[in-house]
Amino acid sequence: QVSLVESGGGLVEAGGSLRLSCVASRSSFSIGGMGWYRQAPGAQRDLVAEIMTSGSTNYADAVKSRFTITRDNAKNTVYLQMDSLKPEDTAVYYCFARYSDDGGRFGRSWGQGTQVTVSS
């Protein structure tokens with residue numbers, strides 16, 4: 001398992017910006033893709049963005065051109081810059097990290113979640 005610690009959520013007005021950070025603990029596992037899901041009340045958890053160790057990215061259509069995901073591989077840290085926020089972006093945002101080792105073990109770890117609230 002890999003432990004993840006998130007920070008950066010909060011309350012912002014529509015049109016504003018927030019930056020989320022997520023740090024993965026050092027472990028014997030190799031970290032692969034990292035990213036963010038979000039879950040609004042009464043809704044399922046949906047992918048927001050993912051970034052691979054190569055730097056390639058994948059975004060949900062709803063956030064393309066507004067959100068930017070980056071990572072610092074040396075620090076095992078992933079960032080989500082969220083601009084032009086809308087009320088419909090309000091949700092709990094969960095960081096995730098895919099991990100594996102040479103023994104064939106693999107999995108995905110989750111952060112504790114951070115609340116993002118966008119007021120209209």
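Which two cysteines form a disulfide, and how far apart are their sulfur atoms?

1. In this model, which is predicted, Cys-22 and Cys-95 form the disulfide, with their sulfur atoms 2.0 Å apart. The pair links distant parts of the chain, since Cys-22 lies in strand S3 (residues 18-24) and Cys-95 in strand S9 (residues 91-100), with the two positions 73 residues apart in the numbering. The count for the structure comes to one disulfide.

2. On the geometry of this bond, the torsion about the S-S bond of Cys-22 and Cys-95 is about -85 degrees, so the disulfide is left-handed. Both Cys-22 and Cys-95 are buried, and across the protein 42% of the 120 residues count as buried.

3. As for secondary structure, the protein has 11 strands and zero helices, and reading along the sequence gives the pattern β-β-β-β-β-β-β-β-β-β-β. Where contacts join residues at least 6 apart in sequence, 55% of them are between residues at least 24 apart.

4. Turning to overall dimensions, the radius of gyration of the protein is 14 Å, which agrees with the value near 14 Å that a compact globule of 120 residues would have. The C-alpha trace spans about 50 × 25 × 20 Å along its principal axes.

5. Concerning the surface, the protein exposes about 6200 Å², and carbon and sulfur atoms supply 47% of that area. The protein carries 12 positive and 11 negative charges, and the mean positions of these two sets are 3 Å apart.

Methods
Residues numbered from 1 in each chain as written. Predicted model: local features only at pLDDT ≥ 70, side-chain atom pairs only at ≥ 80, totals over all residues. Heavy atoms only, no water. Helix = DSSP H or I, 4+ residues; strand = E, 2+ residues; numbered from the N terminus. Rg over C-alpha atoms; globule rule 2.2 N^0.38 Å. Buried < 20%, exposed > 50% of the residue type's maximum accessible area, 1.4 Å probe, protein only. Contact = heavy atoms within 4.5 Å. Areas by Shrake-Rupley, 256 points an atom, 1.4 Å probe, with all protein chains shown as cover. Lys, Arg positive; Asp, Glu negative; His and termini not counted. Charge placed at Lys NZ, Arg CZ, Asp CG, Glu CD. Disulfide = S-S within 2.5 Å.
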